Amino acid sequence: GLNHNTQRLKTYLSKLVLFPVNHNKLRKGEASEAEQKAAVQDRTRRGRTVTDPATIRAKREVPRKVTKEEKDKLAYTFLKKNHSAVRFFGARLRRAQKKAEAEAKKK
């Protein structure tokens with residue numbers, strides 16, 4: 001395991017191109033101008049091509065009538081209520097546990 005990981009990291013470092021911080025003075029390990037020009041960004045991740053998120057578009061829906069259910073639903077109230085429930089879930093859980101413990105002590 002350790003030898004395999006060491007070899008994997010050495011392979012990674014051999015492919016890595018470090019661009020210089022200061023172009024006038026190259027430090028140890030930084031790429032020369034020729035290496036910089038030859039460098040190509042690897043745009044794959046786990047074998048799949050990474051796409052630019054700006055180019056991804058959702059499918060357009062065909063215009064339709066708003067249903068009665070959609071009219072009656074209050075979106076902001078619904079989202080606010082759920083956000084609050086998630087936010088205070090832990091506190092409400094602890095309060096319920098304390099209440100149950102208090103009931104158990106009374107009996």
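Let me begin with one residue, K68, which counts as exposed, at 62% relative accessibility. By exposed I mean over 50% relative accessible area, by buried under 20%, and by partly exposed anything in between, with a 1.4 Å probe and protein chains only. K68 meets D72 in a salt bridge between their side chains, at 3.1 Å from N to O. The term salt bridge stands for a side-chain nitrogen of Lys or Arg within 4 Å of a carboxyl oxygen of Asp or Glu. Both K68 and D72 belong to helix α3, residues 68-72, where they sit four residues apart, about one turn of the helix.

Before going on, I should state that the model is predicted: local features need pLDDT of at least 70, side-chain atom pairs count only at pLDDT 80 or more, and totals for chains, interfaces and linings use all residues. Residues are numbered from 1 along each chain as its sequence is written, and side-chain values use heavy atoms, with hydrogens and water left out.

How many salt bridges does the rule give? The count comes to three. Besides the one in helix α3, there is a salt bridge between E70 and R64, with the closest N and O atoms 3.1 Å apart. R64 also forms a salt bridge with E61, and there the closest N and O atoms are 4.0 Å apart. Through shared partners, E61, R64 and E70 are joined into one network. As to their surroundings, R64 is exposed, with a relative accessible area of 52%, and E61 is exposed as well. E70, at 38% relative accessibility, counts as partly exposed.

Let me now turn to the chain as a whole. It has five helices and two strands, in the order α-α-β-β-α-α-α from the N terminus on. These elements are DSSP runs numbered from the N terminus: helices are H or I with at least four residues, strands are E with at least two. Of the 107 residues in the protein chain, buried residues make up 4%. The chain exposes about 11,600 Å², and carbon and sulfur atoms supply 56% of it; such areas come from the Shrake-Rupley method with a 1.4 Å probe, and for residues only the protein chains shown count as cover.

Two buried residues deserve a closer look. E30 is found in the loop between α1 (2-15) and α2 (33-38). Which side chain of opposite charge is nearest to E30? That is R27, 4.7 Å away, and E30 is buried yet has no salt bridge. Here Lys and Arg count as positive and Asp and Glu as negative, while His and the chain ends are not counted. The side chain of E30 does reach the backbone nitrogen of R27, at 2.9 Å.

The other residue is Q36, in helix α2. Q36 counts as buried, at 17% relative accessibility, and its side chain reaches the backbone oxygen of A31 at 3.1 Å.

I close with a ring. K73 lies over the face of F78, at 5.7 Å from the ring centre. The rule here asks for NZ of Lys or CZ of Arg within 6 Å of the ring centre and within 35 degrees of the ring normal.

Notes
A polar contact is a pair of N or O atoms within 3.5 Å; within protein, one must be able to donate a hydrogen and the other to accept it, and residues adjacent in sequence count only if both atoms are side-chain atoms.
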